[in-house]
Amino acid sequence: MTAHMLVDLRPSRSAALTAAAAGGASVFAFCLFALVILQRRVALRQRLALEAQAKETLEAKVADRTAALAAEVAERRAAEAALRAAQGDLVQAGKMSALGNMAAGIAHELNQPLSAIRGFADNARVFLERDRNAEADENLGRISDLTTRAARIIKNLRAFARNAPEPTGPIDLVPVVDDAVALMAARARVEGNEIMLNKPQHPVLVEGGVVRLQQVLVNLLSNALDAMKDT
């Protein structure tokens with residue numbers, strides 16, 4: 001015996017279509033999400049590649065600029081060294097020129113005490129032969145003073161003529177002026193002039209080097225004596 005039952009399939013079909021649509025939507029959403037993730041990864045890789053390239057370019061530019069700056073600094077240092085050397089040569093040339101102008105006066109200034117020393121020495125020998133010890137001792141004292149004077153002149157000349165770097169710092173200008181006047185006094189006397197010096201009783205501190213300041217003062221005094229020739 002066979003029984004047949006008729007059932008309405010529309011609800012089942014509707015449910016099946018709904019399930020299929022939901023499954024398709026889920027698959028589509030997953031694919032879309034995967035595509036977005038893939039695009040983001042591709043974009044991230046491209047951005048990292050661009051940043052790496054930009055970094056390399058920047059590093060290359062920095063390296064080039066650093067090398068250029070180093071070369072520029074080296075060139076400036078070389079130029080400064082050459083300038084200092086040229087200035088030193090000019091300073092030394094100025095010293096030699098000043099010494100040439102002072103040569104006659106210095107020779108006279110040294111010959112005078114040397115001649116006096118010889119005279120005092122001869123007199124001292126005579127006084128000793130005659131047992132006049134007091135007069136001989138006086139002459140020997142004068143000889144000592146004259147040798148000190150000659151030694152001071154030579155010392156000033158050596159200090160003025162030396163070509164050596166000297167440190168700068170606070171120095172007393174008064175003895176520098178004394179030495180410059182002592183160097184130029186001989187020339188002034190030979191030319192019939194006299195250098196009058198009114199010194200302060202207290203130190204006058206300035207910032208500089210002794211030899212260069214002395215040269216400046218000697219040049220000023222030399223120019224003044226040259227100007228006196230035209231009066």
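Begin by selecting Phe28, Leu32, Leu35, Val36, Leu38 and Val42, which together make a nonpolar surface patch of about 540 Å². The model you are looking at is predicted, and every value on this tour is computed from it. Within the patch, click on Val36, whose place is in helix α1, the run of residues 10-129. Is Val36 buried, partly exposed or exposed? Val36 counts as partly exposed, because its relative accessibility is 32%, and values between 20% and 50% fall in that class.

Now show the whole chain as a cartoon, where you can find four helices and two strands. If you follow the chain from the N terminus on, these elements come in the order α-α-β-α-β-α. Colouring by burial is a useful next step, since buried residues make up 20% of the 231 residues in the chain. If you switch on the surface, its accessible area comes to about 17100 Å², and 61% of this belongs to carbon and sulfur atoms. Contacts give another view of the chain: among those with a separation of 6 or more, 83% are accounted for by residues 24 or more positions apart.

Next, select residues 210-229, which form helix α4. This helix has 20 residues and reaches 29 Å from its first C-alpha to its last, which is close to the 28 Å expected at 1.5 Å a residue. Which residues of α4 are buried? They are Val211, Gln214, Gln215, Val218, Ser222 and Leu225. Because these residues cover an arc of only 100° around the axis, they lie on the same side of α4, and you can check this by turning the view to look along the helix.

The tour now moves to charged side chains, for a search of the whole structure finds four salt bridges. Three of them are visited here, one after another.

Select Arg132 and Glu135, whose side chains meet in a salt bridge with an N to O distance of 3.7 Å. Glu135 counts as partly exposed at 29% relative accessibility, and Arg132 is likewise counted as partly exposed, at 33%.

Then select Glu138 and Arg142, where the N to O distance of the salt bridge is 2.9 Å. Both residues lie in helix α2, residues 133-161, and they are four residues apart, which is about one turn of the helix. Arg142 is partly exposed, with a relative accessible area of 38%, while Glu138 counts as partly exposed at 43%.

For the last of these stops, select Asp178 and Lys199, whose side chains meet in a salt bridge of 3.2 Å, N to O. This pair links distant parts of the chain, since Asp178 is in helix α3 (residues 173-190) and Lys199 is in the loop between α3 and β2 (205-208), 21 residues apart. How does the burial of the two partners compare? Asp178 is buried, because its relative accessible area is 18% and the cut-off for buried is under 20%, whereas Lys199 counts as partly exposed at 39%.

Finish by selecting Lys155, whose place is in helix α2. Lys155 counts as exposed because its relative accessibility is 60%, and the class of exposed residues begins over 50%. Add Asp179 to the selection and draw a distance between the two C-alpha atoms: Lys155 and Asp179 are 24 residues apart along the chain, and their C-alpha atoms are separated by 9.6 Å.

Methods:
Residues numbered from 1 in each chain as written. Predicted model: local features only at pLDDT ≥ 70, side-chain atom pairs only at ≥ 80, totals over all residues. Heavy atoms only, no water. Patch = residues over 30% accessible without salt bridge, like charges linked within 9 Å, V, L, I, M, F, W, Y side chains within 5 Å. Areas by Shrake-Rupley, 256 points an atom, 1.4 Å probe, with all protein chains shown as cover. Buried < 20%, exposed > 50% of the residue type's maximum accessible area, 1.4 Å probe, protein only. Contact = heavy atoms within 4.5 Å. Expected span 1.5 Å × (residues − 1). Arc of directions from axis to C-beta.
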